[in-house]
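Please look over the structure below. A short report on selected features comes after it.

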Amino acid sequence: MSGLAMPAPDQSTLSRRAEIVADMRIIVPGEGVVDAVNEMRAFESDGLTAYRQLPLVVVLPETVAQVSRILKYCDDRKIRVVPRGSGTSLSGGALPLEDAVLLVMSRFNRILEIDYPNRTVTAQPGVTNLGITTAVEQEGFYYAPDPSSQIACSIGGNVAENSGGVHCLKYGLTANNVLGIEMVLMNGEVIRLGGKHLDSEGYDLLGIMTGSEGLLGVVTEVTVRILPKPETARALLIGFPTSEQGGQCVADIIGAGIIPGGMEMMDRPAIHAAEDFVHAGYPLECEALLIVELDGPGVEVDHLIDRVEAIALKNGSTTCRISQSEQERMTFWAGRKAAFPAVGRISPDYYCMDGTIPRKELPRVLAGMRELSEQYGLGVANVFHAGDGNLHPLILYDANVPGELDKAESFGADILRLCVKVGGVLTGEHGVGVEKRDLMPEMFNPIDLDHQMRVKCAFDPNHLLNPGKVFPQLRRCAELGRMHISGGKLPFPDIPRF
């Protein structure tokens, strides 16, 4: 892991490895513990494969009781723990540590309840995103958030990263579709937040947990809302001679009060890569391609299609195809969903970024990325959730060329700095992990970061859960002014308290 500073391994933990492995086998009998080097290779990285590290040991529990015992065991002995779902994270959030137990939740793979009257599904965290829709689609329902990795990513990982997808513009991110969770704290305590009801009383702890990237607790059960499938869904495939015109069209559609089910944009390199891969019929002569999906009652969809088409023409669109069947609509999306693997065919390696900007800044940021591409001498293919400003630039490089990985990372960091500069944020759905960790001061000042760390301290005072992620430097909770009480007496009792 050259170039990436991580917490120094605890030598006391490393020296007790054999003892820890033996104790894990007692807690999780059978084949639930993996400690052979060759077998642990499968878990040495997540989707950010530039960084790799073998864990201390891999543990795959099957019950909540086992998760509770593992965490309490580690808490009592000050052993670090890295939670992991399907390992599709693109920010290094599930990157193992040399002295940490890698807690893999993939065996929690059952749907526990489908409640159609309340329109909810309760599932274990290892159930895939697409698996929820598959379980309810025969009754005309579906789960709205749909990341490109939905065939593989787990619902527990979606909660950890607050994942989105092409339909999050209208139907929201994971945070807008999760109603309740069961989770285990680092001390082994099992708690429930939320439930099937619309909103919970008290502090929004469920909101804190969604997007917490494995730093606060381990999710063992998730209750999500499901939606009835829209009566009609049709998509427009709109080509533009410039990316700026496509970006302006996005802003004008939203400005007109139209909220599509999904609105995605691809630039020329991504269009060509996706078309060569999927043969979706994309227009190859355009510089930007917009996919706009409208759903709802048929009459409403027909009306909105006319309005969107008029807005596109006003912005200089050169082509416009409207899906005439469900199969054609799915074909339009097939290229977009396959864009990431498609780009892998045109470059030895690529670095997938994730930042979010105000929609009106899209033309400016696209122009800025072109300048950075020339500056670094690296190509970039753009695929993004245009409707909510969530960008996914794919930086093309060759890891076999010395220095190109470093250039790609510097290029990506400059893109994220640009996002923050125009009023955006460092991440839309991939999370901070290790990828954006050292860029956090670009967006937050020390006071902001200390307040976020205080939340971490409340859940995990010894910083044993996923250390080295999200925060740019490790701090002890005592350094943030936590008050320690000894013998029931406050320190400095003569000082006024407020």
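The report covers a strand, a surface patch and a cavity in turn.

## Basis

This is a predicted model.

## Strand β4 and its partners

Strand β4 spans residues 100-104. The strand is mostly covered, with 5 of its 5 residues buried. Ala100, Leu102 and Val104 point one way from β4. Val101 and Leu103 point the other way. Both sets are buried.

Two strands pair with β4. Strand β2 (residues 57-59) runs parallel to β4, joined by 3 bridges. Here Val58 has Leu102 of β4 as its bridge partner. Strand β3 (residues 80-84) also pairs with β4 in the parallel sense, over 5 bridges. In that pairing, Arg84 is matched with Val104 of β4.

## A nonpolar surface patch

Tyr203, Leu205, Ile208 and Val455 make a nonpolar patch on the surface. The patch covers about 390 Å².

Val455 belongs to helix α17, which spans residues 446-459. Is Val455 buried or exposed? Val455 counts as partly exposed because its relative accessibility is 31%. The bounds for that class are 20% and 50%.

## The cavity

How many cavities of 30 Å³ or more does the structure hold? There is 1. The largest cavity holds about 60 Å³ of space.

Its lining includes Leu215, Met453 and Lys456. Also among the lining residues are His463, Asn466, Pro467, Gly468 and Lys469. Phe471, Gln473 and Leu474 complete the list.

Key:
Residues are numbered from 1 along each chain as its sequence is written. This is a predicted model: local features need pLDDT of at least 70, side-chain atom pairs count only at pLDDT 80 or more; totals for chains, interfaces and linings use all residues. Side-chain values use heavy atoms; hydrogens and water are left out. Patches are made of residues with over 30% relative accessible area and no salt bridge: like charges are joined within 9 Å, nonpolar side chains (Val, Leu, Ile, Met, Phe, Trp, Tyr) within 5 Å. Accessible areas come from the Shrake-Rupley method with a 1.4 Å probe; for residues, only the protein chains shown count as cover. A salt bridge is a side-chain nitrogen of Lys or Arg within 4 Å of a carboxyl oxygen of Asp or Glu. Helices (H or I, at least four residues) and strands (E, at least two) are DSSP runs, numbered from the N terminus. Buried means under 20% relative accessible area, exposed over 50%, partly exposed in between (1.4 Å probe, protein chains only). Two strands pair if DSSP finds at least two bridges between them. On a 1 Å grid over the protein atoms alone, a cavity is a set of points where a 1.4 Å probe fits but cannot get out, and a pocket is an open set with protein on both sides within 12 Å along at least five of seven lines; lining residues have an atom within 4 Å of a point. Grid points are joined across faces, edges and corners, and a volume is the space filled by probe spheres set on the points.
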